[in-house]
Amino acid sequence: MVEIKNLSKKYGNKNALCDINFSLDDGEVLGFLGPNGAGKSTTMNIITGYISSTTGTVTVDGDEILENPIAVKRKIGYLPEQPPLYADMTVKAYLSFMYDLKKVKLNKKQHIEEICKLVKIDNVYDRIIKHLSKGYKQRVGIAQALLGKPRLLILDEPTVGLDPNQIVEIRNLIKTLGEKHTIILSSHVLSEVQSVCNRIIVINNGKIVADDTTSNLSSDFSTENRLILSVEGDKDKILSELKSILGVKNVTVNKLGSDSAAEYTVIYDKNNDIRSTVFSKMAEINCPIISMNSNNITLEDVFRKLTSKN
Amino acid sequence: MLAIIKREILSYFSSATGYIILAAFYIFGGFYFYMTSLAYNTTDLSYTFSNLFIILIFIIPILTMKLFSEEKKQKTDQALLTAPISLTAIALGKYFAAVIMYLFCIFITLIYAIIISFFNSPDWAIFASNFLGIFLLGSALIAIGMFLSSITESQIVAAIAGIVVGVLMLFMDSIAHSVSVDFISKFLSRISFMNYYNDFTLGILSLDGIVFFLIICILFVFFTVRVFEKKRWS
């Protein structure tokens, strides 16, 4: 659905983007991840036709952005980093204006109402935008992106500056939208991308440094996993039992937990899931496990590794 | 384009700007109408029209100052530029909205003519020439004002620059006369708005003037489009 080839962008002498290549299939939800200033917004602005690339092509559904900008723009719903809202308009007037601007040919009233219900702004429909909270403004921004049922949604840092409740709500909304739209979402919040996207592109200094599924990305980066255990019972006995399990590389005692339970960190080979073995071994020696957490290497670690390399 | 025209006009009236512009134009226009026509018992509105130039110098930059500067500042231009609509349509939409607002302003002169007609029939042909003149003059100044608004993010800068251009146009003739280099002097008087406009206020429907103002309009709308085109590529 989206095909990006050899995309480069120079601002004066500075290379903002350097030979970006990727393609996106119908229905994919792509997370565009990178530190601030990595080139996420630049890429999105090029795809949406707001700015032009220095070299390279962007094709959406067979139409190239420079050759046929209007056809491409018609297929894209875009929420820029700062939602493009006219503060002095009511939500109703604004959405009506955007509907006309985008030359959407649907039942206007019904279409706008549907979107307002979906993004839950129907209760502020008649209010002036400048009086809305940040969360609501963001939703109005998403609502305008949804006008005309675009097949591709591009959301530039949709949860920045929202409070934790609003973030969860917007994420859930994006998940819902992902069922019907192809989405490109940029963020520097890893947990967000992890929870919403099925594919991640990590970009740093204008270059793609990783492009993979969410789970592959995190698993590729380590050969070992961590298990954090709280077990009641005799420390030495437990330690020796844990060390005897196949695949276990190291066991350390962290601290004495509450009651008689102590906390242990077990480092083991990631190809060898030891959790059920641990469970039965502890049961055999009659030492109850109070808690057990498998602590995979996180996307945060991956991200830091990838973006600090260059 | 229609969507943009509609939004712009509504935005003039959603704040005090639109009302202030109309009120200011009507007050000063009325003042000139009274001083140059009614007080002198003449049906000739030409003096009123030629004095309106001074009002336009202040009114039009206020009319055009926020057309693009505010969009850039609030980043709402992203919505316009990523919508399936051409840059020309965006610029023309903004331009026509300001021109329509301007028509609301100058329609008051029609009322002056009607008031005069209670006393004695005014020369409608001269009035028509005057009206066309002020319409073209304003349209040209609006195009320039819109262009100035497109190159800055500050409304104030756009307004001041617009006023400077207007005042320059008012004095262009005097400047032209004081320049001793012949071809520069000629060139300056050729681009003097006041020169062309005075012809209209005398009732002379000069093709020169019509073409001149139309070229200015087209040129500066084109420049505005180029500003955004350039911004996209830089």
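This is a short dialogue on reading a predicted two-chain model.

Biologist: What should I know before I start?

Modeller: Residues are numbered from 1 along each chain as its sequence is written, and chains are lettered from A in the order in which they are written. The model is predicted: local features need pLDDT of at least 70, side-chain atom pairs count only at pLDDT 80 or more, and totals for chains, interfaces and linings use all residues.

Biologist: How many residues of chain A are in contact with chain B?

Modeller: Contact means C-beta atoms, placed from the backbone, within 7 Å. Here 23 residues of chain A meet 18 residues of chain B. Helices are DSSP runs (H or I, at least four residues), numbered from the N terminus. H2 (69-75) and H3 (91-101) of chain A each supply at least two residues of that side. H3(A) gives the most, with four residues.

Biologist: Is helix H1 of chain A mostly covered or exposed?

Modeller: A residue is buried if 20 or more other C-beta atoms lie within 10 Å of its own, and exposed if 12 or fewer. In H1 (residues 40-47) of chain A, eight of eight residues are buried. Among them are A:Lys40 and A:Asn45. A:Gly49 follows H1(A), with a positive phi near 85°.

Biologist: Which residues touch the most other members of the largest nonpolar core?

Modeller: Such a core is a set of buried Ala, Val, Leu, Ile, Met, Phe, Trp, Tyr and Cys residues joined through C-beta atoms within 7 Å. Of its 128 residues, they are A:Tyr94, A:Leu185, B:Ala140 and B:Ala143. Helix H8 (residues 124-150) of chain B gives the most to this core, 13 residues.
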